[in-house]
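Hi,

Here is the structure I promised to pass on to you. Have a look at it first, and then read on for what turned up.

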Amino acid sequence: MSSFDEPLREVLLQTDDLEWVEKSLAGLSHKMLWRDEETEASIALVRFEKGSGIPSAHQHASNQFMFCLSGRYVYLPTGTTLTKGSFYWNPKGVEHGPTLAEETSVLLEVYDGPHYPVRPSFYDNDEDAR
């Protein structure tokens with residue numbers, strides 16, 4: 001069934017009403033806002049608690065876009081630092097990380113396809129890598 005066959009409707013979420021869902025990586029939680037199950041594209045709020053981050057270099061199977069809503073989130077090898085109002089784009093296949101949240105950081109994260117080519121070792125299940 002194509003999207004042209006489905007009725008269109010608007011969707012409104014109040015993100016404050018959604019619960020933070022913990023991931024298997026300590027200090028990381030998310031609120032999934034939208035996911036396309038066919039393409040695996042997604043939009044989520046992600047929160048890194050102060051002192052947490054992604055522990056190793058990795059790459060994505062699609063383009064990654066992040067807009068920093070609050071905090072201070074650092075890509076350690078390059079020193080690239082996201083602060084409130086920062087927009088970050090990491091092209092598909094570019095290795096980046098590890099990262100560190102120098103302050104608790106909330107980011108709007110968008111993927112235009114699947115997150116990872118293979119599940120990274122810092123997650124202990126496939127669902128957390130979606």
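Of the 130 residues in the protein chain, 38% are buried. Please keep in mind that this is a predicted model.

The fold is easy to summarise: the protein chain has 7 strands and 0 helices, so the pattern along the sequence reads β-β-β-β-β-β-β, and with a radius of gyration of 15 Å, close to the 14 Å from the globule rule for 130 residues, the chain is as compact as a globular protein of that length. Its C-alpha trace spans about 45 × 30 × 25 Å along the principal axes. Among contacts in the protein chain with a separation of 6 or more, 64% are between residues 24 or more positions apart.

Now to the inside. The largest nonpolar core contains 17 residues, and Phe-48, Met-66, Tyr-73, Leu-82, Leu-107 and Tyr-123 have the most contacts within it. Strands E3 (42-48), E4 (64-75) and E7 (99-111) each give two or more residues to this core, with E4 giving the most, 4 residues.

Tyr-73 is a good place to zoom in. Leaving aside residues up to four places away in sequence, Tyr-73 touches Phe-48, Met-66, Leu-82 and Leu-107, among others. Its partners also include Ile-54, Thr-80, Thr-81, Thr-99, Leu-100, Ala-101 and Ser-105.

As for the outside, the accessible surface of the protein chain is about 7,800 Å², and carbon and sulfur atoms hold 53% of that. The protein chain carries 21 negative and 11 positive side chains, and the centres of these two sets are 5 Å apart.

Enjoy exploring, and best wishes!

Definitions and conventions
Residues are numbered from 1 along each chain as its sequence is written. This is a predicted model: local features need pLDDT of at least 70, side-chain atom pairs count only at pLDDT 80 or more; totals for chains, interfaces and linings use all residues. Side-chain values use heavy atoms; hydrogens and water are left out. The radius of gyration is taken over C-alpha atoms; the globule rule is 2.2 Å times the number of residues to the power 0.38. Buried means under 20% relative accessible area, exposed over 50%, partly exposed in between (1.4 Å probe, protein chains only). Contact means heavy atoms within 4.5 Å. Accessible areas come from the Shrake-Rupley method with a 1.4 Å probe; for residues, only the protein chains shown count as cover. Lys and Arg count as positive and Asp and Glu as negative; His and the chain ends are not counted. The place of a charge is taken as NZ of Lys, CZ of Arg, CG of Asp or CD of Glu. A nonpolar core is a set of buried Ala, Val, Leu, Ile, Met, Phe, Trp, Tyr and Cys residues joined through side-chain atoms within 4.5 Å.
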